[in-house]
Amino acid sequence: MFDKILIANRGEIALRVIRACREMGIASVAVHSTADADAMHVRMADESICIGPPPSSESYLSIPAIIAACEVTGAQAIHPGYGFLSENAGFVQVIEDHGLTFIGPTAEHIRIMGDKITAKETMIDLGVPCVPGSEGGVPDLATAQKLGEEMGYPVIIKATAGGGGRGMKVAQTAADMESAFMTARAEGKAAFGNDEVYIEKYLQRPRHIEIQVFGDGKGNAVHLGERDCSLQRRHQKVFEEAPGPAISAEERAEIGRVCADAVARINYIGAGTIEFLYEDGQFYFIEMNTRLQVEHPVTEAIFGVDLVREQIRVASGLPMSFAQDDLEINGHAIEVRINAETFPGFAPHPGKITAYHAPGGLGVRMDSALYQGYSIPPYYDSLIGKLIVHGRDRREALARLHRSLGELIVDGVETTVPLFHALMAEKDIHTGEYNIHWLERWLEREFES
Ligand code: MV4
């Protein structure tokens with residue numbers, strides 16, 4: 001086992017990793033930009049080291065600065081958290097070249113899943129159900145038009161290097177194909193330097209269901225059920241829950257087995273998420289994320305496992321501490337993401353926290369790096385906290401969410417808490433009847449009229 005781990009991240013996820021390290025008796029090293037000298041992750045870690053100026057490109061994304069921080073502090077392994085360098089295959093390569101350990105998948109698995117065409121081809125070979133569409137890349141407009149006619153409209157054109165909704169265009173009819181194809185290609189080129197695109201049948205009202213998987217890198221893997229993350233705004237998730245309100249135990253067992261078998265067969269190591277669109281009782285693979293996700297706590301709550309501890313275990317060569325048969329769902333969990341943003345404008349609102357009180361009590365977890373007197377810097381993501389509630393069933397989890405939102409105090413900046421108070425009054429949230437378009441349509445109806 002490692003003696004010392006460096007956390008190449010900031011905010012609540014850095015605290016999350018430090019906490020796992022401390023429970024495992026592992027020393028932690030925080031890295032920070034000059035803008036984060038007073039940040040909670042710096043205070044909470046055993047050691048800290050400044051790695052550069054405020055812009056992420058010169059600090060949290062600086063591979064040389066992070067490697068140097070490992071050498072100076074004697075850290076043997078790096079946990080990347082989410083975002084920043086967490087899905088950067090080149091970073092993993094450099095870490096290994098320096099005799100250090102990346103707490104996450106191999107560079108090869110990150111590379112395969114980072115290219116959506118390769119990811120989809122791999123999943124098809126592994127027997128994972130995918131959205132019907134082109135076999136690999138579509139080289140030109142004529143081929144795209146021919147495919148559109150064969151598949152039937154609407155179709156969606158996606159950049160292979162895309163993700164998070166970038167480089168993606170819907171063609172409702174043949175008349176839209178030329179502009180959709182050209183725009184998706186141009187966006188892929190501009191944003192990722194890669195103009196390769198592929199085509200899929202466009203699903204009109206799916207849910208976003210993602211399966212948590214975990215492998216030991218030696219051909220063993222498990223699944224930890226699904227999360228329903230359909231409530232999104234501009235491809236940013238705001239509310240996530242597990243289990244999914246629309247998924248039966250039989251569906252979970254079946255898609256879970258397919259996913260666990262798939263990652264076992266590629267000797268996947270660590271935490272991964274296989275994303276699906278779910279419509280009319282069918283799962284359609286869209287992407288795989290090779291990192292620990294923001295919303296992992298809802299899975300931890302219902303399975304009673306510590307996913308970061310498991311990541312550290314398998315990265316050090318130890319076996320996973322559970323097998324599939326040990327994993328049983330207990331109750332229901334919901335996470336809401338609290339951002340320092342105006343509502344309903346969703347404009348970033350950094351500033352000084354004049355008062356902070358985290359909710360507590362049975363079934364309540366608040367993952368946040370806030371403290372009274374802290375100044376949220378303007379340089380980074382606006383996520384300032386995740387409120388995770390756990391109940392015996394969905395009704396209890398929702399009641400607990402409502403109750404704990406009422407206890408939360410964040411003064412000094414605007415937050416997205418009013419969004420969740422408003423959602424608590426919606427029937428569809430209580431019945432669980434929502435899809436990937438629900439939130440944006442509701443925001444438009446309620447706040448833009
Ligand atoms: C789709 C789709 C409909 N049909 N693919 C958006 C982000 C990227 N991860 C995949 N996305 C979508 N792919 C097909 N074939 C609709 C979306 C989509 C979406 C997916 C998940 C959550 C929110 C979304 C919002 C808009 C569009």
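A pocket, as the word is used here, is an open set of grid points with protein on both sides within 12 Å along at least five of seven lines. Keep that in mind for the second point; and note that this is a predicted model.

1. **Layout.** Let's start with the domains. The assignment splits the protein into domain 1 (4-103), domain 2 (132-201) and domain 3 (207-447). Between the C-alpha centres of domain 1 and domain 2 there are 37 Å.

2. **The second largest pocket.** This one holds about 190 Å³ of space. Its lining consists of Arg233, Arg234, Pro344, Gly345, Phe346, Glu440, Arg441, Leu443, Glu444, Phe447 and Glu448. By type, six of the lining residues are charged, four are nonpolar and one is polar. Which helix gives the most to the lining? That is α15 (residues 438-447), with five residues.

3. **Two lining residues with something odd in the backbone.** Arg234, one of the pocket-lining residues, has a positive phi, near 50°, without being a glycine. Arg234 sits in the loop between β10 (221-233) and β11, and at 62% relative accessibility it counts as exposed. Pro344 is also part of the lining, and the peptide bond leading into it from Phe343 is cis, with omega near 10°. You'll find Pro344 in the loop between β14 and β15 (351-352).

4. **The neighbour, His235.** His235 is in the loop between β10 and β11 too. Phi of His235 is positive, about 65°, and again this is not a glycine. Is His235 buried, exposed or partly exposed? Its relative accessible area is 43%, so His235 counts as partly exposed.

5. **The largest nonpolar core.** There are 43 residues in this core, and Phe239, Leu387, Leu401, Leu419 and Leu439 are those with the most contacts inside it. At least two residues each come from α2 (40-44), β11 (236-242), β14 (332-339), β17 (364-367), β19 (383-391), α12 (394-407), α13 (417-423) and α15. Where does the core lie relative to the domains? Domain 1 (4-103) and domain 3 (207-447) both contribute residues, so the core lies between them. Apart from this core there is another, of 37 residues, including Ala45, Val222, Ala315 and Ile388.

6. **Leu439 up close.** Leu439 is one of the residues with the most contacts inside the largest core. Setting aside residues up to four places away in sequence, Leu439 touches Leu231, Gln232, Arg233, Val238, Leu419 and Leu423. Two of those names should look familiar: Arg233 is in the pocket lining, and Leu419 is listed among the best-connected core residues.

7. **Ala45.** This residue belongs to the 37-residue core and is found in the loop between α2 and β3 (47-52). With a relative accessibility of 9%, under the 20% cut-off, Ala45 counts as buried. Beyond its neighbours within four places in sequence, Ala45 is in contact with Ile18, Arg22, Ser28, Val29 and Ala30. Ile7 is 38 residues away from Ala45 along the chain, and their C-alpha atoms are separated by 9.2 Å.

8. **Ser86.** Here is another loop residue, placed between β4 (77-79) and α4 (89-97). Ser86 is buried, with a relative accessible area of 2%. What does Ser86 touch, not counting residues up to four places away in sequence? The partners are Pro80, Gly81, Phe102, Ile110, Thr290 and Arg291. Thr106 lies 20 residues from Ser86 in sequence and 11 Å from it in space, C-alpha to C-alpha.

9. **Helix α10.** Seven of the eight residues in α10 (residues 296-303) are buried, so the helix is largely enclosed by the rest of the structure. The buried ones are His296, Pro297, Val298, Thr299, Glu300, Ile302 and Phe303. Right after α10 comes Gly304, with a positive phi near 65°.

10. **One more cis proline.** The peptide bond from Tyr153 to Pro154 is cis, with omega near 0°. Pro154 is in the loop between α7 (141-151) and β6 (155-163).

Notes. Residues numbered from 1 in each chain as written. Predicted model: local features only at pLDDT ≥ 70, side-chain atom pairs only at ≥ 80, totals over all residues. Heavy atoms only, no water. 1 Å grid on protein atoms, 1.4 Å probe; cavity = no way out; pocket = protein on both sides within 12 Å on 5 of 7 lines; lining within 4 Å. Points joined across faces, edges and corners; volume = space filled by probe spheres on them. Helix = DSSP H or I, 4+ residues; strand = E, 2+ residues; numbered from the N terminus. Nonpolar A, V, L, I, M, F, W, Y, C, P; charged D, E, K, R; others polar. Core = buried A, V, L, I, M, F, W, Y, C linked by side-chain atoms within 4.5 Å. Buried < 20%, exposed > 50% of the residue type's maximum accessible area, 1.4 Å probe, protein only. Domains from an automatic or database assignment. Contact = heavy atoms within 4.5 Å.
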